[in-house]
Amino acid sequence: MLRSGPAESAIPLLVLLVLLVLAPLPFGAIPFWAQAFLTFCIFALLAAWAIKPYPSLAATHPSVLSDSANRYLYGILTVWSLATAFAFLQVVPLPPSIIAVLSPALHELYGWTLPGHGPDGFWRTLSTTPASTIQSGLLIGACGSAFFLVAQLCRSRERILALAVTVVLVGMIEAIYGLALVGGGLSRPATGTFINRNHFAALLAMALCLGLGLLLSAWQAGDRERSSALPFDRWARTTPLILACLTILAGIIFSFSRMGLVAPILTLILFAGLWMFGPVSNRIRLVGAVVGLVLLLFMAGAWTAFEVVADRFRSLEDSYRVAAWEGSYALFQSFPLAGVVLGGLVDNLPRFLPVEIPETFQHSHNEPLEGLAEGGIIYTALIGLGLIVYFGKAVPAWMRRRDPLARGLGAGCLAGSAAVLLQSLVEFPLRMPANAFYLSVILGMGWAIIHSPSYSLSSGNK
């Protein structure tokens, strides 16, 4: 799979594959040491790439992305870099006059708690929790680096498939481990190596979308080669992938995560529907096969877990989430421009909650609201602009593609990234470093697949 260049050119990709396997294991890389290891490895990989950019690989695949795609890619990377720089700006001492402009509420707080804080006083930082802010900034920068590296390293069909298959395999192993822990019972949800079922379901949702994207690619490629391949051969090649997708889907269902199940289904329906308007054939047979396999899964026992998920929808009384949303919005209103600083939500949200809640909140259960509360308009606008540019460029380009791999796996990457972003409206899956890393890899993979020249994705190009 990695024969597209000399041995040294495959090392960066091999490191990424190893990180994909290791990242979810220590509770989604949430412990400090695990996050530090993940970010260090990504930055080390970026430094190695910058010092020696492997000219032999560039000579093998000289034109990876079009000029237009490269311009948009650099635009996204610029926005990502500005978001990272903004995080570190929050720990740089600033004059009181600048703090008064960027965060009037913080300026007032400093004036009330610190003697001598005034126009000629000591310089202070925007962050009252510098360690948490630096940790957040490093993770943002590491994810941007992973996105860039994947977009640069996915120069051939073999490399793209290596990343996609690794994500699917990790998702299947996580699902099997989670199902084994619960033993098929309904007493507790499947969480895999994660602590929270929703974060576990988010990782599986991304893996499921990529797995189904690979199936769409194989299906379309098989239709083009149906004159030279028997139907049995096609099913033999795709059966392991089908079983992996069904296993991942079972893991999502037994996690009892509401949005973890709904988000990938909605995004898969959307992008699979758009895929079917393209140059595909045997649509009815494909839809019938998928429906039949899902029904077999439910007949095998998954319907009991689905009933638990349905009961959770019927008993939506998560008032604590509504309180967290109201408190986060009130916090944003107090620090509208620069926010209360990245990583500072847990120390500031309790005093803005509308009701007293015994549970300690570390997150808002809504990523956009938490971004507004912690980073204000500046940070949220940068992240939003990057996503708008990405999907605004990637989706129309994907719709024009005719290559089976770009068409099918491109749909899987778009659906997987959209699914976790949709889930983040009511959860905080991207606060898990492993999930943030996986999303960055999938975004980079989708960009490379959709914008790569057709010849680099052809099966004959080794």
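# Exercises on a predicted helical model

**Exercise 1.** Compare the expected span of helix α17 with the distance between its end C-alpha atoms.

Solution. Helix α17 covers residues 433-451, which is 19 residues. At 1.5 Å a residue, taken times one less than the number of residues, the expected span is 27 Å. The end C-alpha atoms of α17 are 27 Å apart, which agrees. Helices here are DSSP runs of H or I with at least four residues, and strands are runs of E with at least two, numbered from the N terminus.

The structure is a predicted model: local features need pLDDT of at least 70, side-chain atom pairs count only at pLDDT 80 or more, and totals for chains, interfaces and linings use all residues. Residues are numbered from 1 along each chain as its sequence is written, and side-chain values use heavy atoms, with hydrogens and water left out.

**Exercise 2.** State how many residues of α17 are buried, and what follows for the helix.

Solution. Buried means under 20% relative accessible area, exposed over 50%, and partly exposed in between, with a 1.4 Å probe and protein chains only. In α17, 19 of the 19 residues are buried, so the helix is largely enclosed by the rest of the structure.

**Exercise 3.** Repeat the span check for helix α16, then describe its cover and its N-terminal end.

Solution. Helix α16 (residues 404-423) has 20 residues and an expected span of 28 Å; its end C-alpha atoms are 28 Å apart, in agreement. Of its 20 residues, 18 are buried, which leaves α16 mostly covered. At the N-terminal end, Asp403 acts as the cap, with a side-chain oxygen 2.9 Å from the backbone nitrogen of Leu405.

**Exercise 4.** Locate Ala244, classify its exposure and list its contacts beyond four places in sequence.

Solution. Ala244 belongs to helix α10, residues 231-254. Its relative accessible area is 5%, so Ala244 is buried. Leaving aside neighbours within four places in sequence, Ala244 is in contact (heavy atoms within 4.5 Å) with Val168 and Met172. Gly171 is 73 residues from Ala244 in sequence, yet their C-alpha atoms are 8.4 Å apart.

**Exercise 5.** Is Leu25 buried or partly exposed, and where does it sit?

Solution. Leu25 is in the loop between α1 and α2 (32-51). Its relative accessibility is 47%, so Leu25 counts as partly exposed.

**Exercise 6.** Summarise the chain as a whole.

Solution. The protein chain has 18 helices and zero strands. Of its 462 residues, 53% are buried. Among contacts between residues at least 6 apart in sequence, 82% join residues at least 24 apart.

Key. Polar contact = N/O pair within 3.5 Å; in protein donor to acceptor, adjacent residues only side chain to side chain.
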